[in-house]
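Reader: I'm new to this one and would like to go through it by asking questions. Can you show me the structure?

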Amino acid sequence: MRGLTTMQYYMTQPPFTKLAETLPPHAWFGVSAVFHYLGPSFAVLLFPAIGVFGVAWMRIAFAAIIFEPFTRPIDTIRTTDNATRLLLVGLGACLAVMNTSFYLALDRLPMSLVAAIEFVGTIGVALYGLRTRRNMVALALSVLGVFILIDVKWSSDPLGLFWAFLNGVFFVGYVVLGHKVSEHGAGDGIKLLGAAMLIAFIFIMPVGFVEAAGAFGASELILAGIAVALCSSVVPYVCDQLAMSRLPRSSFALLLALLPATATVIGVIVLGQIPSSTDIAGIAFVMIGIAIHRS
């Protein structure tokens, strides 16, 4: 701003805006990518004890509770304009359906196949915003790397495929609507995200409550549900907003190609799973694609 030094301008910004500017947006996306894979690993372990709908209910319910103190969702919904309320309803419905269908797909299909179907939709988002030959090459290399990494295999489970494709459709919706929310800036975007999570809880309340209620008497299951919420819906979605507020939508969609590569790195560090030469080739294609891309 005119008349302010860089330091003075920085000090006048809301806390989450300051946070967004402390690191490059790609770094915030990297944090989101790590937690994107930690969350499902907790959730799948809970399926036998709570059920798919129960885990989805706990994820959204606990995320809404965690968001409440620093986003004040009811105040946000009450004071915002009608157009923004409509955006929040759309994002809330998207989160509820996306998270539930994702878990229903994981319950029947390998994660690699679900990830492949999920990534297909984001290719369209990236293509929509690409304007140069350089970025088209970047996208092609990233897609090639992803499909080498995830080793796509078809499935004979039509219901599982239905949930996987439904998740893919609503994941695109999350990227588009989430980026629309981020246009308000990182601070207001996260407040709106908290309001959308409360709306998502309203949508899922009657669906998974009965299954989730069975876990209320077991403290270890409650703690596990909180861990799922933190790893799947709080940390990654906040980091997505910090990244989205500074990246074009097409660039964010292209960065999603990093998710399978991130999963491979996590496998090496956490599980001791050494990647094959094919895996390394896939990671290389993804990294080259991201490196040559320009926003």
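Reader: Is Arg-72 buried, partly exposed or exposed?

Author: This is a predicted model, where local features need pLDDT of at least 70, side-chain atom pairs count only at pLDDT 80 or more, and totals for chains, interfaces and linings use all residues. Residues are numbered from 1 along each chain as its sequence is written, and side-chain values use heavy atoms, with hydrogens and water left out. Buried means under 20% relative accessible area, exposed over 50%, and partly exposed in between (1.4 Å probe, protein chains only). Arg-72 has a relative accessible area of 45%, so the word for it is partly exposed.

Reader: Which residue does Arg-72 form a salt bridge with?

Author: Side chains of opposite charge can pair when their charged atoms come close. A salt bridge here is a side-chain nitrogen of Lys or Arg within 4 Å of a carboxyl oxygen of Asp or Glu. For Arg-72 the closest N and O atoms are 3.4 Å apart, and the partner is Glu-68.

Reader: Which helix holds both Asp-75 and Arg-78?

Author: Their side chains meet in a salt bridge, 3.0 Å from N to O. Asp-75 is partly exposed at 35%, while Arg-78 is exposed at 54%. They sit 3 residues apart, about one turn of the helix, and that helix (a DSSP run of H or I, at least four residues, numbered from the N terminus) is H5, residues 73-79.

Reader: How many residues apart in sequence are the parts that Asp-157 and Arg-108 tie together?

Author: Asp-157 and Arg-108 form a salt bridge with their closest N and O atoms 3.0 Å apart. Asp-157 is in the loop between H8 and H9, and Arg-108 is in the loop between H6 and H7, so the pair ties together parts whose separation in sequence is 49 residues.

Reader: Asp-157, then: buried or exposed?

Author: Its partner Arg-108 is partly exposed, at 42%. Asp-157 has 17% relative accessibility, so it counts as buried.

Reader: Which helix gives the largest share of the lining of the largest cavity?

Author: A cavity is a set of points, on a 1 Å grid over the protein atoms alone, where a 1.4 Å probe fits but cannot get out; lining residues have an atom within 4 Å of a point. About 250 Å³ of space lies in the largest one. Of its 22 lining residues, the closest to the centre are His-36, Arg-59, Phe-171, Ser-232 and Tyr-237. The largest share, 6 residues, comes from H3.

Technical notes. On a 1 Å grid over the protein atoms alone, a cavity is a set of points where a 1.4 Å probe fits but cannot get out, and a pocket is an open set with protein on both sides within 12 Å along at least five of seven lines; lining residues have an atom within 4 Å of a point. Grid points are joined across faces, edges and corners, and a volume is the space filled by probe spheres set on the points. Helices (H or I, at least four residues) and strands (E, at least two) are DSSP runs, numbered from the N terminus.
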